[in-house]
Amino acid sequence: MTDRRGTNGSAVVHGYPHLDTARAAITALYRRLSDEGIHQYDTSVAPADVAFADHDDLHLGVQRVARALVQQLHLPDARMIVSFREMEHAASVELTAGPEYFIELNDRFRTHRRDIGAALAHEITHVLLHRLGLSFPGTRDNEILTDTVTTYLGAGWLLLDAFREDRDSSQKLGYLTPEEFGYVLAKRAMVFNEDPGIWFTSPQGYTAYTKGKAQAVRDEQQPPLTTAGWSGRHRYAKDRRYALDHPGGSGPGSGDAGRAYGFETLADGLRVSFACPTCFQRIRVPVRGRVRARCQLCHTVLDCDT
């Protein structure tokens, strides 16, 4: 797990450079667990269950927090053996057949206990993904998958709450940017009707959440969804006209990265494809005005004006 700390905020990247990979991770999670499986994680880990006071016994407190996160991630037979040592990264885990897994935390967590839950959440999610057989090729994408799954299954708000940045220094855990953590957290909140904003102790983490939430809301406002704004609808109408006038051609697409729609001409007429705003599975519907589409992966029902 990466641990980025620096001065003058120089070590923290902002924005959405990994958004496509995070969206692909959400799709992969739905495909692996199913919509029903994901809804078993309908409650996020509670702040009280992962709180760590300075007067708590270090090792007993670590084991208590680890057990809470094991339960959150539905790993009832997994035992986490946690130790501390000097290391470059924030934490690491030894992935074996289980049931015991060995996690090492950076020595600095001995005195920075408020972030122990965040570090453990990421590493225990590695164990979950190992058991599920779910991974992405390459270290970078696999770590983004882990951050995304941690957040989407109700433990990743801890990682965003560990983000702190001021004029003189900064700290961030994980590979996702703060705004990307906020985005994934907001996508989860929309599915389970949560308000994670009340859990933050980091003002910078809360700000990143609000920015990510705004990005997530824009996913719900892209054509051909009926909630699309005027400019999107106008652009969509132009692209639809081009597709009707040039059947079989590679007409223009619209929308931001990862959210583009596209047209195809089949024997029964024109169809439009677009990404489900919940799980990002591609959906195809006929171009014939108002239609209602149901995502076959996450079962979200979408009102469209095609």
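**Exercise 1. A residue in a hairpin**

How does H299 count at 27% relative accessibility: buried, partly exposed or exposed?

*Solution.* Before we start, note that this is a predicted model, so local features need pLDDT of at least 70 and side-chain atom pairs count only at pLDDT 80 or more, while totals for chains, interfaces and linings use all residues. Residues are numbered from 1 along each chain as its sequence is written, and side-chain values use heavy atoms, with hydrogens and water left out.

Step 1: Recall the cut-offs: buried is under 20% relative accessible area, exposed is over 50%, and partly exposed is in between (1.4 Å probe, protein chains only).
Step 2: At 27%, H299 therefore counts as partly exposed.
Step 3: Now find H299 in the fold: the loop between β10 and β11 holds H299. Strands here are DSSP runs of E with at least two residues, helices are runs of H or I with at least four, and both are numbered from the N terminus.
Step 4: Check the backbone: H299 has a positive phi of about 70° although it is not a glycine.

**Exercise 2. Two hairpins**

Describe the faces and the pairing of β10, then do the same for β3.

*Solution.*
Step 1: In β10 (residues 290–294), V291 and A293 make up the covered face, and R290, R292 and R294 the uncovered one.
Step 2: β10 runs antiparallel to β11 (residues 301–305), with 5 bridges joining them; strands pair if DSSP finds at least two bridges between them. Across this pairing, R292 stands opposite D303 of β11.
Step 3: Move on to β3 (residues 91–94), where A91 and V93 are on the covered face and S92 and E94 on the uncovered one. In a regular strand, side chains alternate between the two faces of the sheet.
Step 4: β3 and β4 (residues 100–106) are antiparallel and joined by 4 bridges, and V93 has I103 as its bridge partner in β4.
Step 5: Finish with the turn: 5 residues lie between β3 and β4, and in this hairpin G98 takes a positive phi near 80°.

**Exercise 3. Ring pairs**

How many aromatic pairs does the count come to? Follow two of the pairs through the chain.

*Solution.*
Step 1: Use the rule that Phe, Tyr and Trp rings (for Trp, its six-membered ring) pair if their centres lie within 6.5 Å; planes under 30 degrees apart are stacked, over 60 edge-to-face, and the rest tilted.
Step 2: The count comes to 7 aromatic pairs.
Step 3: Y30 and Y152 form an edge-to-face pair, 5.8 Å centre to centre with 70° between the planes. The pair links distant parts of the chain, as Y30 in helix α1 (residues 19–38) and Y152 in helix α5 (residues 139–152) are 122 residues apart.
Step 4: Y30 counts as buried because its relative accessibility is 1%, and Y152 is buried with a relative accessible area of 0%.
Step 5: Y236 and Y261 are also edge-to-face, at 5.0 Å centre to centre and 70° between the planes. This pair links distant parts of the chain too: Y236 lies in helix α9 (residues 230–245) and Y261 in the loop between α9 and β7 (262–266), 25 residues apart. Both Y236 and Y261 are buried.
Step 6: Round off with F200, Y206 and Y209, which ring pairs link into a cluster.

**Exercise 4. Pockets**

Which residues lie nearest the centre of the largest pocket? Compare its lining with that of the second largest pocket.

*Solution.*
Step 1: On a 1 Å grid over the protein atoms alone, a pocket is an open set of points where a 1.4 Å probe fits, with protein on both sides within 12 Å along at least five of seven lines; lining residues have an atom within 4 Å of a point.
Step 2: The largest pocket has a volume of about 280 Å³, the space filled by probe spheres set on the points, which are joined across faces, edges and corners.
Step 3: Of its 19 lining residues, V93, L95, H126, N142 and E143 lie nearest the centre. β3, α4 (116–132) and α5 are the elements that give two or more residues to this lining.
Step 4: By class, the lining of the largest pocket has 7 nonpolar, 10 polar and 2 charged residues. Here Ala, Val, Leu, Ile, Met, Phe, Trp, Tyr, Cys and Pro are nonpolar, Asp, Glu, Lys and Arg charged, and the others, Gly among them, polar.
Step 5: The second largest pocket holds about 240 Å³ of space. Its lining has 15 residues, and V50, R114, L158, D161 and T201 are the closest to its centre.
Step 6: This second lining divides into 9 nonpolar, 2 polar and 4 charged residues, and α6 (157–161) gives the most to it, with 3 residues.
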